[in-house]
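This report invites the reader to examine one protein model, moving from a single helix to a sheet and then to a pair of aromatic rings. Please keep the sequence and the structure in view while reading.

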Amino acid sequence: MRVLIVDDEPLARAALERVLRSRADVHSFDSAKDGYEALDLLQKNPYDVVLLDIRMPELSGIELADRLTNLRDSLPSIVFVTAHDQHAVAAFERHAIDYVLKPFSEERIQDALDIAVRRTHSEKLARLIDLLPRLENLVRKPSRLAIKTKGRTLFVDPADIVIVEAQGNYVLLQRVSGSYLLRESISTVAETLKPHGFIRIHRSVLVNSAFVEEIHPWMTTGEYVLRMKGGKELTVSRTYKDNLRLITPHWVGTHRQHAG
């Protein structure tokens, strides 16, 4: 945790520095004697917590808090440390997490820092949860696939591929419009396209699940039929029928009971 102290009183800064030195979770801290020096530090460095006095010459703590919103999207946790209780409402309107009155005890500052730590951890976790799907897309789902065909390399969006069909030593990539013949095994292509929502329905056929419009069983054979957007129908062999759970987890079990 990185902390910035902003206070025009040397004794107050020294007392806060002693508290920060006692904490193992404070990796570093800086001190500023006024709001303008603090702004300069905040523009150069990221801080997790700002311990901020209110009554300071030229630029008050409330005014500094207002300016912080223009520096970056993610604000540090602000703890106001002041001798004046009449500014509490204004402080919390600036999203302060605590309001500590002077003279303060070490325990009171420790409590405020504990609140700041919990808030910092919660926000980092929330940002990570928000970021994970985008990281997954970057790592597992490149926007385009490189396809070598007829001596050239084409870049194809997996979302445009509807059906992949084995044809001897080649596979045919059938797109929404047009197709490509690729010299590759169906198994290799299946592994490449699996993260993009493709499922194998036959030893020689893959389909993009986003284009599946309807699934219905053939009662006599135990096979299933997929109807794709556009009306094309494809048979799902019994070997691969469990892959239909990847499209809709409950559908296969329901129809198996009905068929029996």
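The following paragraphs describe a predicted model.

**Helix H2 and its surroundings**

Helix H2 comprises residues 35-44, and within this helix Gly35, Ala38, Leu39, Leu41 and Leu42 are buried. These residues cover an arc of only 165 degrees around the axis, which places them on the same side of H2. A general property of helices helps in reading this pattern: an α-helix has 3.6 residues a turn, so residues three or four places apart point the same way. On the other side of H2, by contrast, Gln43 and Lys44 are exposed.

What covers the buried residues of H2? The cover includes strand S1 (2-6), strand S2 (28-32), strand S3 (49-52) and helix H3 (61-68). The N-terminal end of H2 is capped by Asp34, with a side-chain oxygen lying 3.1 Å from the backbone nitrogen of Tyr36.

**The five-stranded sheet**

Elsewhere in the model, five strands form an open sheet with antiparallel pairing, in the order S10-S9-S8-S12-S11. Strand S10 (179-182) and strand S11 (198-202) are its edge strands, since each pairs on one side only. On average, neighbouring strands of this sheet are turned by 20 degrees against each other, direction ignored.

Two of the strand pairs are set out below.

| Strand pair | Bridges and direction | Residues opposite each other |
|---|---|---|
| S9 and S10 | four bridges, antiparallel | Leu172 and Leu181 |
| S11 and S12 | four bridges, antiparallel | Ile199 and Val207 |

S9 and S10 also form a hairpin with three residues between the strands, in which Gly178 takes a positive phi near 90 degrees. Helix H6 (residues 186-193) lies across strand S8 (161-167), strand S9 (170-175), S10, S11 and S12. The helix H6 runs at about 160 degrees to S8.

**The aromatic pair**

How many aromatic pairs does the model contain? The count comes to one aromatic pair. Phe80 and Tyr99 form this pair, with 6.5 Å centre to centre and 45 degrees between the planes, and the arrangement is tilted. Phe80 lies in strand S4 (residues 77-82) and Tyr99 in strand S5 (residues 98-101), so the pair ties together parts that are 19 residues apart in sequence. Are these two residues, Phe80 and Tyr99, buried or exposed? Both Phe80 and Tyr99 are buried.

Note on methods:
Residues are numbered from 1 along each chain as its sequence is written. This is a predicted model: local features need pLDDT of at least 70, side-chain atom pairs count only at pLDDT 80 or more; totals for chains, interfaces and linings use all residues. Side-chain values use heavy atoms; hydrogens and water are left out. Buried means under 20% relative accessible area, exposed over 50%, partly exposed in between (1.4 Å probe, protein chains only). Helices (H or I, at least four residues) and strands (E, at least two) are DSSP runs, numbered from the N terminus. The arc is that of the directions from the helix axis to the C-beta atoms. Contact means heavy atoms within 4.5 Å. A polar contact is a pair of N or O atoms within 3.5 Å; within protein, one must be able to donate a hydrogen and the other to accept it, and residues adjacent in sequence count only if both atoms are side-chain atoms. Two strands pair if DSSP finds at least two bridges between them. Axes are lines fitted to C-alpha atoms, for helices over the stretch in contact, and angles run from 0 to 180 degrees between N-to-C directions. Rings of Phe, Tyr and Trp (its six-membered ring) pair if their centres lie within 6.5 Å; planes under 30 degrees apart count as stacked, over 60 as edge-to-face and the rest as tilted.
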